[in-house]
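Here's a quick briefing on one helix and its surroundings. Have a look at the model first, then run through the points below.

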Amino acid sequence: MLLPDNLHPEQSIYYNGTFVLQSLREHHAMNLLDLYLTTQARQEMTMPVFVLCLDWLYLLDLVSLTEQGGVELCS
């Protein structure tokens, strides 16, 4: 769930996705591990939460995958 009622907002995919977007706005495109480490420096999150954030951002058409396997911000 994006905003569950039994969880603090800081633990939601919606909230953590903003930190992934901030990292991508600075670098535009990054490989997956570098993006995770950059995002982790902003907001501590587990890898499964990070991947769920990427899934959510991909479904919203805010990020896409590069041919090299990286993640880039959609324009």
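What follows covers the faces of helix 2, the residue that caps it, and its packing against helix 3. Keep in mind that this is a predicted model.

**Two sides of helix 2**
- Helix 2 spans residues 32-42, and its buried residues are Leu-35, Tyr-36 and Thr-39.
- Looking down the axis, those buried residues sit within an arc of 100 degrees, so they line one face of the helix.
- That fits the general pattern: an α-helix has 3.6 residues a turn, so residues three or four places apart point the same way.
- Flip to the other side of helix 2 and you'll find Leu-33 and Ala-41 exposed.
- The cover over the buried residues includes helix 1 (13-27), strand 1 (29-30), helix 3 (47-59) and strand 3 (71-73).

**The cap at the N-terminal end**
- Asn-31 sits in the loop between strand 1 and helix 2.
- Asn-31 caps the N-terminal end of helix 2, with a side-chain oxygen 3.2 Å from the backbone nitrogen of Leu-33.
- With a relative accessibility of 39%, Asn-31 counts as partly exposed, since the partly exposed class runs between 20% and 50%.
- Asn-31 and Gly-70 are 39 residues apart in sequence, yet their C-alpha atoms are 4.0 Å apart in space.

**Packing against helix 3**
- Helix 2 and helix 3 pack at about 110 degrees, and their axes are 11 Å apart.
- That angle makes helix 2 roughly perpendicular to helix 3.
- On the helix 2 side, Leu-32, Leu-35, Tyr-36 and Thr-39 meet Met-47, Phe-50 and Leu-54 of helix 3.
- The residues of this contact split into six nonpolar, one polar and no charged.

Notes: Residues numbered from 1 in each chain as written. Predicted model: local features only at pLDDT ≥ 70, side-chain atom pairs only at ≥ 80, totals over all residues. Heavy atoms only, no water. Buried < 20%, exposed > 50% of the residue type's maximum accessible area, 1.4 Å probe, protein only. Helix = DSSP H or I, 4+ residues; strand = E, 2+ residues; numbered from the N terminus. Arc of directions from axis to C-beta. Contact = heavy atoms within 4.5 Å. Polar contact = N/O pair within 3.5 Å; in protein donor to acceptor, adjacent residues only side chain to side chain. Axes fitted to C-alpha atoms, helices over the stretch in contact; angles between N-to-C directions. Parallel < 35°, antiparallel > 145°, perpendicular 65-115°, else oblique. Nonpolar A, V, L, I, M, F, W, Y, C, P; charged D, E, K, R; others polar.
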